[in-house]
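Biologist: Could you take me slowly through one part of this model, beginning with a single residue and what lies around it, and explain each term as you go?

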Amino acid sequence: MAFMSDPQTDAYVDIHTDIFGDDALLRSGLKLNHLRMIVAIEDSGQISAAAEVLNISQPAASRILSEMESIVKTPLYERVARGVVLTTFGQALARRARKIMLELREAGREIAELKTGKGGAVFIGAVTAPAMSLVVPAIKRVRTALPGIEVTIQVETSNVLARELLAARHDFIISRIPDDLNPRLFQVQEIGVEKACLIVRGGHPLLKKKVAVLEDLPRYDWVFQPAGTLLRRTIEDLFLSRGVPLPENIVNTSSLLLTCATVCQTDAIAPIALDVAQFLATHKSKASDVRVLPIDFEINVRPYSLITVKERALPPSARLLYDLVLAESKKAAAG
């Protein structure tokens, strides 16, 4: 019987029964600390960093790795210039180990929920617009059903969120699947289209015009999300498709707070989600002295989705919040 790979690794060589068959790993002495180590190595790429995560010495970490290689009878990692990388066998073991660690964490969460009768904990990630328009009202509703629920939200770019989801740091995310990740790893339900806009400070020179045209914009400073992020690529494609030079003076940040601070104190222009801009513009304060810049073109970003990892069941509290976010998206689409 072969060790079955995930869809992302269908081309991996088979690992035969004499290594992974039946309960051979357990009978050979594989332990929980071995699983934690291989996951930590995959995450950090360094034995010293993995040792720090597990709160053990580096020699102890090296000994655990040697034990694992003796158990599976094959190399699990290779040394490179800046640390270590897992071999094909190491990647396969790490992927399964991560799932086992996740299931143990979820078992603990579910038992705690049953013991206390409280809502438990939910970990989600979202890009900015749906975090504000969908997650916030969904949390308000879920607290009625589960008064003791604790929700942890990470607001980041899709590139970061998708990887955090695969690393089991989130129950689900609201974002897009990055182009460099295998979409077969995910369960996706499209729930909304994000419209974006440009913001400037109150009193910006461009606000004196009825509408700003694309050709007006390159001479100003810009605040962008990091290179390669979806909103930035969308704006860059607009410039390129119309033959307009790209802005040259750029500040790169994924922080909405820093974006607003820069815009409010300079003549910089920044693209952000329309929902977010409208929220900021209608809550007047010195800290949010931003205006939506009237423009003669539209900025439509690729739709975002509710995303989970295939074959990873949501615990009850996360499932409830997931369903409420979905309900909020349908309400927004209907209204």
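Modeller: Leaving aside its neighbours within four places in sequence, A129 is in contact with E194, A273 and V276, where contact means that heavy atoms lie within 4.5 Å. The model is a predicted one, in which local features need pLDDT of at least 70 and side-chain atom pairs count only at pLDDT 80 or more, while totals for chains, interfaces and linings use all residues. Residues are numbered from 1 along each chain as its sequence is written, and side-chain values use heavy atoms, with hydrogens and water left out.

A129 belongs to helix 7, which covers residues 128–145; helices (H or I, at least four residues) and strands (E, at least two) are DSSP runs numbered from the N terminus. With a relative accessible area of 3%, A129 is buried, a word that stands for under 20%, whereas exposed stands for over 50% and partly exposed for what is in between, using a 1.4 Å probe and protein chains only. A129 also shows how the chain comes back on itself, since L274 is 145 residues away in sequence but 7.7 Å away in space, C-alpha to C-alpha.

From this one residue we can turn to the interior. The largest nonpolar core has 25 residues, and M37, I38, I41, I47, L65 and M68 are those with the most contacts inside it; such a core is a set of buried Ala, Val, Leu, Ile, Met, Phe, Trp, Tyr and Cys residues joined through side-chain atoms within 4.5 Å. At least two residues of this core come from each of helix 3, helix 4 (47–54), helix 5 (58–72), strand 2 (83–86) and helix 6 (88–116). Not counting residues up to four places away in sequence, I41 touches Q46, I47, A50, L65, V84 and L86. A second, separate core of 24 residues includes V135, A138, L146 and I191.

Charged side chains make links of another kind. R169 forms a salt bridge with D43, their closest N and O atoms being 3.4 Å apart; the term means a side-chain nitrogen of Lys or Arg within 4 Å of a carboxyl oxygen of Asp or Glu. Because R169 lies in the loop between helix 8 (158–166) and strand 5 (172–175) while D43 lies in helix 3, the pair ties together parts that are 126 residues apart in sequence. R169 is partly exposed at 37% relative accessible area, and D43 is also partly exposed, at 41%.
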